[in-house]
Amino acid sequence: MSSILKMGPSPHIRTSETVEKVMYDVIIALIPAFLVAVYVFGIRAVIVTAVAILSCIVTEFVCQKVMGQEISVFDGSAVLTGILFSFVIPVNMGLPYVIVGSVVAIALGKMVFGGLGHNVFNPALVGRAFVQASWPVAITTFTLDGKGGATVLDAMKRGLPLDGALIEGGNQYVQAFIGRMGGCIGETSALALLIGGAYLIYKKQIDWKVPAITIATVFVLTWAMGGDPVMHILSGGLFLGAFFMATDMVTSPHTEKGKIIFALLLGLLISLIRMKGGYPEGVAYSILIMNGVVPLINRYTKPKKFGEVKSNEK
């Protein structure tokens, strides 16, 4: 009996899951979206993604050297940040901006907080927000088949017909679902992102409730505000943000109740920015805002300790 009751130092529950496995599962899940991006935007999508990944790896290596940390640039986190950053920028954005954004994503979005697991905000979106604040024209100029124009969200925002937007002819909902339209590199194909998200749910790397509630909230609220709910959920960065950024283990709530609150508020913010704000897209900033609210959500949705009772208040 004494041997059964022996207890060593934590952790007491161990699994075969590692940081590398989690990161590379997410990278695998992003492959369908990357393939669609190459099909729609050509070799330029490969170049931009490669530059972003390399910049993130080099930046993390330098930061870890300077901070005296163990070098772990090949655990997949820097590669994933590079992919996600490249996915939320236009394919025609200048490579110097890509490099600067990637450096900011790692240095200010991740390493300044202490490295992997300590960051408050999604690093890729920190890089995107920096580039958008610094060079707004570069990050909001989109092309499709070599032609510039308004994205679907921009056209809807300005009340323009979708025939003149960056979307292929035919059934516009089908084209938007497949991803044959202008936009950021990895955001255009809802189908590819849905396949990747399903893979992550199958591998139990993300909770299905967060993307499902976020997307459903945007659908309902944009419909209630007089928008086209189907096109709103198929356009922009909603699927990419809901499946791959709002579910980030570090910057999202830990509790079940907290995840539901997080997803509902995220969908609300995205809908308000798109329908009532001055910017046609709202996913990136909404996720960053909600990242900042996560500690508060965790605090007030923390489960009670076993045996805890409320004190008698007179």
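How much space lies in the largest pocket? In this predicted model, the largest pocket holds about 460 Å³ of space. Its lining is made up of 24 residues, and those closest to its centre are Met-23, Leu-80, Asp-248, Met-249 and Val-250. Four elements give two or more residues each to this lining: helix H1 (19–29), helix H4 (77–87), helix H6 (123–134) and helix H13 (238–244). By residue class, the lining of the largest pocket has 15 nonpolar, seven polar and two charged members.

The second largest pocket has a volume of about 320 Å³. Here 21 residues form the lining, and Phe-142, Thr-151, Leu-153, Pro-280 and Glu-281 lie nearest the centre. With three residues, H8 gives the most to this lining. The residues of the second lining divide into eight nonpolar, nine polar and four charged.

Glu-281, one of the residues nearest the centre of the second largest pocket, also takes part in a salt bridge. Its partner is Arg-274, with N to O at 2.9 Å. Both side chains of this pair belong to buried residues.

Helix H8, which contributes to the lining of the second largest pocket, holds a salt bridge of its own. Arg-158 and Asp-154 both lie in this helix, which spans residues 152–158, and they are four residues apart, about one turn of the helix. Their side chains meet at 3.1 Å, N to O. Are the two partners buried or exposed? Arg-158 counts as exposed because its relative accessibility is 51%, and the cut-off for exposed is over 50%. Asp-154 counts as partly exposed because its relative accessibility is 21%, and buried would require a value under 20%.

A further salt bridge joins Asp-207 and Lys-259, whose closest N and O atoms are 3.8 Å apart. This pair links distant parts of the chain, 52 residues apart: Asp-207 sits in the loop between helix H10 (190–202) and helix H11 (209–224), while Lys-259 belongs to helix H14 (residues 256–276). Asp-207 and Lys-259 are both buried. The two residues are also part of a network of salt bridges that includes Lys-209 and Glu-256.

What makes such pairing possible? Side chains of opposite charge can pair when their charged atoms come close. In total, the structure holds eight salt bridges; among them are Arg-158 with Asp-154, Asp-207 with Lys-259, and Glu-281 with Arg-274.

Terms used:
Residues are numbered from 1 along each chain as its sequence is written. This is a predicted model: local features need pLDDT of at least 70, side-chain atom pairs count only at pLDDT 80 or more; totals for chains, interfaces and linings use all residues. Side-chain values use heavy atoms; hydrogens and water are left out. A salt bridge is a side-chain nitrogen of Lys or Arg within 4 Å of a carboxyl oxygen of Asp or Glu. Buried means under 20% relative accessible area, exposed over 50%, partly exposed in between (1.4 Å probe, protein chains only). On a 1 Å grid over the protein atoms alone, a cavity is a set of points where a 1.4 Å probe fits but cannot get out, and a pocket is an open set with protein on both sides within 12 Å along at least five of seven lines; lining residues have an atom within 4 Å of a point. Grid points are joined across faces, edges and corners, and a volume is the space filled by probe spheres set on the points. Ala, Val, Leu, Ile, Met, Phe, Trp, Tyr, Cys and Pro count as nonpolar, Asp, Glu, Lys and Arg as charged, and the others, Gly among them, as polar.
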